[in-house]
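These are my notebook entries on one structure. I set down what I looked up, topic by topic.

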Amino acid sequence: MAVDETIVARVASLARLRLADGEASALTTELNNIFGWIDQLQAIDTDGVEPMTSVMAITRPWRDDVVNDGDIADDVLANAPDAAHGFFGVPKVIE
Amino acid sequence: MMALTELSLAAMKQGLADRQFSARELVSAHIDAVAAARPLNAFLVETPELALASADAADAALQAGNAGLLAGIPLGIKDLFCTKGVPTTAASRILEGFTPRYESTVTAKLFAAGAAMLGKLNLDEFAMGSSNETSAFGPVISPWRAKGSDAPLVPGGSSGGSSAAVAARLVAGATGTDTGGSIRQPAAFTGIAGIKPTYGRCSRWGVVAFASSLDQPGAMARTVEDCAILLEAMSGYDPRDSTSINAPVPAWSRQLSASLAGKRVGIPKEYRVDGMDPTVEALWKQGVAWLRDAGAEIVDVSLPHTAAALPTYYIVAPAEASSNLARYDGVRYGLRAGPAGQSLAEMYEATRAAGFGREVRRRIMIGTYVLSAGYYDAYYLKAQKVRALIARDFERAFASCDLMLTPTAPSTAFALGARVADPLAMYLNDVFTVPASLAGLPAMSVPAGLAPDGLPLGLHIIGRAMDEQGVLDAGLAIEQRSGFSEAPQRWW
């Protein structure tokens, strides 16, 4: 499946990556090379094969549905680029 | 007596226990070695004060007779493990300035055992790379040089700071993480040992996530026994990691045995790839002879989907990475970029463009593409099915053998810059290590000899799930027979 610049631009937008000038064209070439190689997988017969969803056959543990941490707002905000009044600061989202 | 930095981790433990030297003397010698080795660029952060404080605590504990497994042992920590109060970057600009307020489970265990951290080790950005050249803070230079050359070489990756620091005798051992070979390939390139345990043995809690179904912390050191000791201290059930295995940690180091009587070692025929380097092939044959000499029965096995492993990995790992790296949004931690007055979406895009390097952006693009509407079934779902087939290949092959032996990497270390322009050529470095990663199996690289260019080569042992002991035992059998004791000649 060939990747073109329109697809690259759409994927970049989905990934919230701003592409520099010329980057879409370079990425299109690179991704086509990589997917040209990846496409060999299409030749493998996987009819009736269940997709792997768990690496080790372990039963995922359950825990009680209770609060087991909290009251660490200062720790949570300590590395934020813009924190104020106990909240994360973000650019204005409501006009 | 030998210089303190030349001792194995086990010999350091013995020397400390016998009071031949103090933990302060041992750690100080390593602090000096780290300071003298800055041309290697192995460390992103040096923490000599913390290391000395741990050394003094270890000396007190040794005196009191309640020293932990790693009391006073100088270690390096890959900068993918969150360390409380010590900057953690994942070698990415997007995490520059991030100082965790908590400790990863693995480093907490190491500190509880008394280890002294000398600093945080360089790596490929977010562990995405095979040469340590994608680090935002510059590549690590291998302590090794080819015979008759002073051209800089790569130390392998992504745990390239770890491999370089251990090989250059800056630390006794180091943590690594392995997603597709990131412990084993750098270990092979630098003439040291490295083990990736069974997926779930070591907690991923507090390890910066790359591809969650593949990421696994592990141990890197100069001997197999040292790896066993370090891995014991790192492993164990952690309720904070939902894929952590709830099983006791065996005393691997005490149970080590180089006798492989009664063991069957499988040689997977599909690993004999076209155009294989004759030196690598010859060493592999030598490894077979060593294991036979150790008492193992050698059997041919088949892993029919081997060739599909790398393309499968390059769907699964980027897909998980694109999801995991969605958290870097300029809001909660790390970098925020772009002008005041921009919208939220513009801020996200500006931050991620400024903060992620080229290889990380490339993998986010691959991952987002294979997960996007219209392509999910053809790529991601297909890869998960092929991954199931690869795991089934191993299950079937392990019906007729207990362990497998392969080369670790297709070549010795290559020159800095030689492969950066060709992502596919770089990806092919991991051809022998990725299949075991996809199946979650324990595997290790042990140094086995020098190629004619004077650079180290490793042999790779793969075991059944939970059989780290078998892997380590075979590693010891190879180590004893190869007699590998070469170290890089100091040029830094």
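The entries below begin with the sheet of chain B and end with single residues.

**Entry 1. The sheet of chain B**

I note at the outset that this is a predicted model. I looked up the strand order and found an open sheet of 11 strands in chain B, arranged S1-S3-S2-S4-S6-S5-S10-S11-S9-S7-S8, with mixed pairing. I then asked which strands stand at the edges. They are strand S1 (43-46) and S8 of chain B; each has a single partner strand, so one side of each is left without a neighbour in the sheet. On average, neighbouring strands of this sheet are turned by 30 degrees against each other, direction ignored. I also recorded that helix H7 (residues 224-234) of chain B packs on the sheet, where it touches strands S4, S5, S6 and S10 of chain B. The direction of H7(B) makes about 145 degrees with that of S6(B).

**Entry 2. Strand S11(B) and its partners**

I turned to strand S11 (residues 456-463) of chain B and asked whether its residues are buried or exposed. Eight of its eight residues are buried. I reminded myself that side chains in a regular strand alternate between the two faces of the sheet. In S11(B), Pro456(B), Gly458(B), His460(B) and Ile462(B) point one way, while Leu457(B), Leu459(B), Ile461(B) and Gly463(B) point the other way.

Next I looked up the pairing of S11(B). Strand S9 (residues 403-407) of chain B runs antiparallel to S11(B) and is joined to it by five bridges; here Thr406(B) stands opposite His460(B). Strand S10 (residues 443-450) of chain B also pairs with S11(B) in the antiparallel sense, over seven bridges. Leu450(B) has Pro456(B) as its bridge partner in S11(B). The hairpin of S10(B) and S11(B) has five residues between the strands, and Gly454(B) takes a positive phi near 85 degrees there.

**Entry 3. Strand S2(B)**

I examined strand S2 (residues 74-78) of chain B as well. Five of its five residues are buried, so S2(B) is largely enclosed by the rest of the structure. Pro74(B), Gly76(B) and Lys78(B) point one way from S2(B), and Leu75(B) and Ile77(B) point the other way. S2(B) and strand S3 (residues 116-121) of chain B run parallel and are joined by five bridges. The bridge partner of Leu75(B) in S3(B) is Met117(B).

**Entry 4. Helix H9(B)**

I looked up helix H9 (residues 278-293) of chain B, which has 16 residues and reaches 22 Å from its first C-alpha to its last. That is close to the 22 Å expected at 1.5 Å a residue. I asked which residues of H9(B) are buried. They are Val280(B), Leu283(B), Trp284(B), Gly287(B), Trp290(B) and Leu291(B). Because they cover an arc of only 115 degrees around the axis, they lie on the same side of H9(B). The face turned away from this buried side carries the exposed residues Pro278(B), Lys285(B), Ala289(B) and Asp293(B). The buried residues of H9(B) pack against S7, S8, S9, S10, S11 and helix H16 (468-482) of chain B.

**Entry 5. Where the chains meet**

I asked how many residues of chain B are in contact with chain A. I found 52 residues of chain B in contact with 38 residues of chain A. H13(B) gives the most to the side of chain B that touches chain A, with 11 residues. The residues of that side divide into 29 nonpolar, 13 polar and 10 charged.

From chain A I chose Thr46(A), which is in the loop between helices H2 and H3 of chain A. Thr46(A) is partly exposed, with 17 other C-beta atoms within 10 Å. Leaving aside its neighbours within four places in sequence, Thr46(A) is in contact with Lys382(B), Lys385(B), Val386(B) and Leu389(B).

**Entry 6. Backbone exceptions**

Most residues other than glycine have a negative phi, and most peptide bonds are trans. I therefore recorded three exceptions in chain B, including Asn41(B), whose phi is positive, near 60 degrees. Asn41(B) counts as partly exposed, with 19 C-beta neighbours inside 10 Å. Ala127(B) has a positive phi near 70 degrees and is buried, with 30 other C-beta atoms within 10 Å. A cis peptide bond, with omega about 10 degrees, joins Gly157(B) and Ser158(B). Ser158(B) is in the loop between S3 and helix H5 (160-167) of chain B.

Methods: Residues numbered from 1 in each chain as written. Chains lettered and ligands numbered in written order. Predicted model: local features only at pLDDT ≥ 70, side-chain atom pairs only at ≥ 80, totals over all residues. Buried ≥ 20, exposed ≤ 12 C-beta atoms within 10 Å, placed from the backbone. Helix = DSSP H or I, 4+ residues; strand = E, 2+ residues; numbered from the N terminus. Pairing = 2+ DSSP bridges. Expected span 1.5 Å × (residues − 1). Arc of directions from axis to C-beta. Contact = placed C-beta atoms within 7 Å. Nonpolar A, V, L, I, M, F, W, Y, C, P; charged D, E, K, R; others polar. Axes fitted to C-alpha atoms, helices over the stretch in contact; angles between N-to-C directions.
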